[in-house]
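User: I am a first-year student and would like a close look at a single part of a protein model. Please choose one helix, describe how its residues are placed, and then relate it to its surroundings.

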Amino acid sequence: MSGDDILSLLAPLRDAADELKNTWHPDDPAYRADVYRQVMTSLSYSYFAYFHATPEHPDWAPLWNPVYTLQPNPDDIYLYAPLRGDLTYRVSGNRGSCKILSFTTQRKMSGMVDSMPNPSGHNEVDDTDLGLALNEDFEVIFSAVKPAGHTGKWAPIDPQAGGMMVRFRAYDWAGEVDPVLSIECLDKVPPKPRLSPEQIFVGIQEMAKFPARKTRLYYGMQNGVKQRVGFNVFEPVRYAGALAKQVYWPACFQLEDDEALIIETELPAHRPYWNIQLNDPYFNALEYVYRFSSLNGHTAQIGEDGKFRAVIALTDPGVPNWLDPAGYKEGGIYGRWFDCDTNPTPAIRRVKLSELRAHLPPGTPVISPEERGEELRLRIRACQRRRRW
């Protein structure tokens, strides 16, 4: 393979740009620009995937966060490390005090193959499964077979495992502390080698393939919701390869400048974790540091009747639980019930913004611009102080 022309190695980026045809408005210049930006986001992330670490010499790389937004839960900071199923690994560090610490291993990671394998080799454990106390120092062995004589904490991985994804899930962004972790291969391996020219050229080509692989997967998921139930209707689902304890409730939203969407739902009696977020039409999480595009069980205000109500509107409606679509009139919604005793399906009502309060309970508080501004300042500080890299 010749490396004389780097642009030829990046030729697969055209396939990602061509995915514009699978968006909701392929002739819209704003959609084209958004898709190009999404391509650059995925391309910049892919360097970590192909050049940062190896299964023999693992290390944590950023996966999804406020920068790499295709498609994170805003409450989660995600890390990735490459693995081999025939090797043994030790993850150690401090549990921290975030709401949930989870470890997911599988054969392939999204974006790194043309199609995800079936079976996926999915295995997951979290701090509850492993018995990790808040702020506890710990170590866990991950391997396909439990080491003989090992009496400490152990978790299985598929014999063909190719990677581990870690989630640091916080409820109280400002008050909880993210874990501190390391990962080591315990088998005898040679020193980490210098890459050959051939390996570098192949890695660059794989980087260039990554954005199209990613968008094909996630466009398909979001477009599927729209095709099956249309706009402003939730479709609860469990996803293979996602958290087994979690029920998702996706929808595709649509509204005009003078309208609002009211989301209303009962809440499970037992609800260790739940949240709701807005996505753009391309499955990216909307800006969630400087915009109120997500809420969770810690930040949401619950009505006197025990129900949760949120309002999507392009301008601040002056009510609790505003979800700001950041200028998008169409996009996605994702909610999550994690390990709850019931999984209610929320409803969406589309109303005129000027008539919003007539559709809300009489005692709905008024949120002043000053109160909203302080709420945003606290959100920005809390999010920026979490680990991203």
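Analyst: The following account begins with helix α6 and then turns to other parts of the chain.

This is a predicted model, in which local features need pLDDT of at least 70 and side-chain atom pairs count only at pLDDT 80 or more, while totals for chains, interfaces and linings use all residues. Residues are numbered from 1 along each chain as its sequence is written, and side-chain values use heavy atoms, with hydrogens and water left out.

Helices (H or I, at least four residues) and strands (E, at least two) are DSSP runs, numbered from the N terminus. Helix α6 covers residues 369-384, which is 16 residues. The expected span of a helix is 1.5 Å times one less than its number of residues. For α6 this gives 22 Å, and the end C-alpha atoms are indeed 22 Å apart.

Which residues of α6 are buried? They are Arg372, Arg379, Ile380, Ala382 and Cys383. Here buried means under 20% relative accessible area, exposed means over 50%, and partly exposed lies in between (1.4 Å probe, protein chains only). Viewed down the axis of α6, these buried residues fall within an arc of 165°, so they line one face of the helix. The arc is that of the directions from the helix axis to the C-beta atoms. As a general point, an α-helix has 3.6 residues a turn, so residues three or four places apart point the same way. The cover over the buried residues of α6 includes β13 (294-296) and β15 (322-323), where contact means heavy atoms within 4.5 Å.

Cys383 also enters the question of disulfides. A disulfide is a pair of cysteine sulfur atoms within 2.5 Å, and the structure holds 0 of them. The cysteine sulfur closest to that of cysteine 98 belongs to cysteine 383, but the distance is 14 Å, too far for a bond. Cysteine 98 is buried, at 1% relative accessibility, and cysteine 252 is buried with a relative accessible area of 1%.

From β15, which helps to cover α6, the chain passes into a loop between β15 and β16 that holds alanine 326. Alanine 326 has a positive phi of about 55° although it is not a glycine. Most residues other than glycine have a negative phi, and most peptide bonds are trans.

Strand β16 (residues 330-338) contains isoleucine 333. This residue is buried, with a relative accessible area of 0%. Leaving aside residues up to four places away in sequence, isoleucine 333 touches eleven listed neighbours, among them Phe234, Trp249, Phe253, Ile312 and Ile348. Another of the residues touched is Ile276; isoleucine 276 and isoleucine 333 are 57 residues apart in sequence, yet their C-alpha atoms are 7.1 Å apart in space.

The loop between β16 and β17 (347-352) is the place of aspartate 339. Aspartate 339 also has a positive phi, about 55°, although it is not a glycine. At 37% relative accessibility, aspartate 339 is partly exposed.

Two peptide bonds elsewhere deserve mention. A cis peptide bond joins leucine 70 and glutamine 71, with omega about 0°, and glutamine 71 is found in the loop between β1 (61-62) and β2 (76-82). A cis peptide bond also joins asparagine 118 and proline 119, with omega about 10°; proline 119 lies in the loop between β4 (100-106) and β5 (123-126).
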